[in-house]
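Work through the exercises below with the sequence and the coordinates open. Each task is followed by a solution in steps.

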Amino acid sequence: MCKATGRPRTGKSKAGAPSIPSGKRVGGATKTPATALPTFVVHLNLREFADLEEVLEHARSGMVAKGSVFHRDSKRPDRILALVRKRFALVKGLKIEAGSGAGSDRYLIARFAWGGDPDVGGVSAQGFSRSKMGSFNKMGADHGSKVTAYVFEGVVGRWISDYLGSVKVNVDNLFAWVCSHELGHNLGLKHHSSNTNVMYTFSGKGKSVTKSFLTGVSQGGTSFSLEQIQTMQALLTRP
């Protein structure tokens, strides 16, 4: 019985033609409904950003401008998470949330530092599909975990002191950019040549270029291109 009309169902479509149940053969072909892939879940563990030990140390020593953005703030990880979500907002079927990695498809952890390269603010595995990723070296403490990317608070803190000096910066924007950059790799993106793009890298470009870029990042001046959005969207369709 059809609730909308109160009439018995006849198996006819609105145009009067017989309706075709899913899975039935039509003209020699079998029609089956498309199966939607589950939501792709990304977890961020950003607890390291609540203290900003490296930035606080430099602020106390006078190496960087002092300001309210450099105090310990338990709400900073949530603000950074919101900024990361905003950058990926156009990618459908993607869910980014705070978490410990359990049940996630990608997992980014903020750590203090790893390695000695002053330009490496994060490392990540290159994504090729929902389940296939390139090689990735995990820190000893994370062997056996689902981590696919890191961001290093101590290294980004040194960028602030080495390149931005006395300029007051928005540290939330800086850390959100590094997180977005590494997640971009996790979702299939490579580096980009434009210094207004999230996937730009300043490694080897010199102090002047690096300072200019980080100043723009601090002001929220990077984004993904439409082509990059489409690349990430395509990755989510490949099992």
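**Exercise 1. A strand and its surroundings**

How many of the six residues of β5 are buried?

Solution. The model is a predicted one. Five of the six residues of β5 are buried, so the strand is largely enclosed by the rest of the structure. Next, look for its partners. Strand β5 covers residues 106-111 and is joined to β7 by four bridges, the two strands running parallel. Four bridges also join β5 to β3, again in parallel. In the pairing with β3, Arg106 of β5 is the bridge partner of Val42. Towards β7, Ile109 stands opposite Tyr150, and Ala110 stands opposite Val151.

**Exercise 2. Assembling the sheet**

State the order of the strands in the open sheet and identify the strands at its edges.

Solution. Begin with the inventory: the protein has six helices and seven strands. Along the sequence they follow the pattern β-β-β-α-α-β-β-β-β-α-α-α-α. Five strands make up the open sheet, in the order β4-β3-β5-β7-β6, with mixed pairing. At the edges stand β4 (94-98) and β6, each with a single partner strand, so one side of each has no neighbour in the sheet. Neighbouring strands of this sheet are turned by 15° against each other on average, direction ignored.

The antiparallel contribution can be located at β6. Strand β6 (residues 122-124) pairs with β7 in the antiparallel sense over three bridges. Here Gly122 stands opposite Val151 of β7.

**Exercise 3. Two faces of one strand**

Which residues of β7 lie on each side, and are they buried or exposed?

Solution. In a regular strand, side chains alternate between the two faces of the sheet. Apply this to residues 149-152, which form β7. Ala149 and Val151 lie on one side, Tyr150 and Phe152 on the other. These four residues are all buried, and both faces of β7 are therefore covered.

**Exercise 4. An aromatic pair between helices**

Describe the geometry of the ring pair Trp159 and Trp177 and place it in the chain.

Solution. A pair of aromatic rings is described by the distance of the centres and the angle of the planes. The structure holds 13 aromatic pairs. In the one formed by Trp159 and Trp177, the centres are 6.1 Å apart and the planes are at 45°, which makes the pair tilted. Trp159 belongs to helix α3 (residues 153-164) and Trp177 to helix α4 (residues 171-186), so the pair links distant parts of the chain, 18 residues apart. Both Trp159 and Trp177 are buried. They also belong to one aromatic cluster, together with Tyr163, Tyr200, Phe202 and Phe213.

A ring can also be met by a charge. The charged end of Lys132 sits over the ring of Phe128, 6.0 Å from its centre.

**Exercise 5. Helix crossing**

What is the relative orientation of α2 and α4, and what is the handedness of their crossing?

Solution. Helix α2 covers residues 76-87, and its axis comes within 9 Å of the axis of α4. The two axes cross at roughly 50°. The helices α2 and α4 are therefore oblique to each other. Their crossing is right-handed.

**Exercise 6. Accessibility of two residues**

Are Glu182 and Thr39 buried, partly exposed or exposed?

Solution. Take Glu182, which lies in helix α4. Its relative accessibility is 6%, and Glu182 therefore counts as buried. Glu182 and Met199 are 17 residues apart in sequence, with their C-alpha atoms 8.4 Å apart in space.

Thr39 is found in the loop between β2 (29-30) and β3 (40-45). Because its relative accessibility is 46%, Thr39 counts as partly exposed. The C-alpha atom of Thr39 is separated by 9.9 Å from that of Ser104, 65 residues away along the chain.

As a final step, set both residues against the whole protein: 42% of its 239 residues count as buried. Glu182 belongs to the buried class, while Thr39 is partly exposed.

Key:
Residues are numbered from 1 along each chain as its sequence is written. This is a predicted model: local features need pLDDT of at least 70, side-chain atom pairs count only at pLDDT 80 or more; totals for chains, interfaces and linings use all residues. Side-chain values use heavy atoms; hydrogens and water are left out. Buried means under 20% relative accessible area, exposed over 50%, partly exposed in between (1.4 Å probe, protein chains only). Two strands pair if DSSP finds at least two bridges between them. Rings of Phe, Tyr and Trp (its six-membered ring) pair if their centres lie within 6.5 Å; planes under 30 degrees apart count as stacked, over 60 as edge-to-face and the rest as tilted. A charge sits over a ring if NZ of Lys or CZ of Arg is within 6 Å of the ring centre and within 35 degrees of the ring normal. Axes are lines fitted to C-alpha atoms, for helices over the stretch in contact, and angles run from 0 to 180 degrees between N-to-C directions. Angles under 35 degrees count as roughly parallel, over 145 as roughly antiparallel, 65 to 115 as roughly perpendicular and the rest as oblique. A crossing is left-handed if the near helix is turned anticlockwise from the far one by less than a right angle, and right-handed if clockwise.
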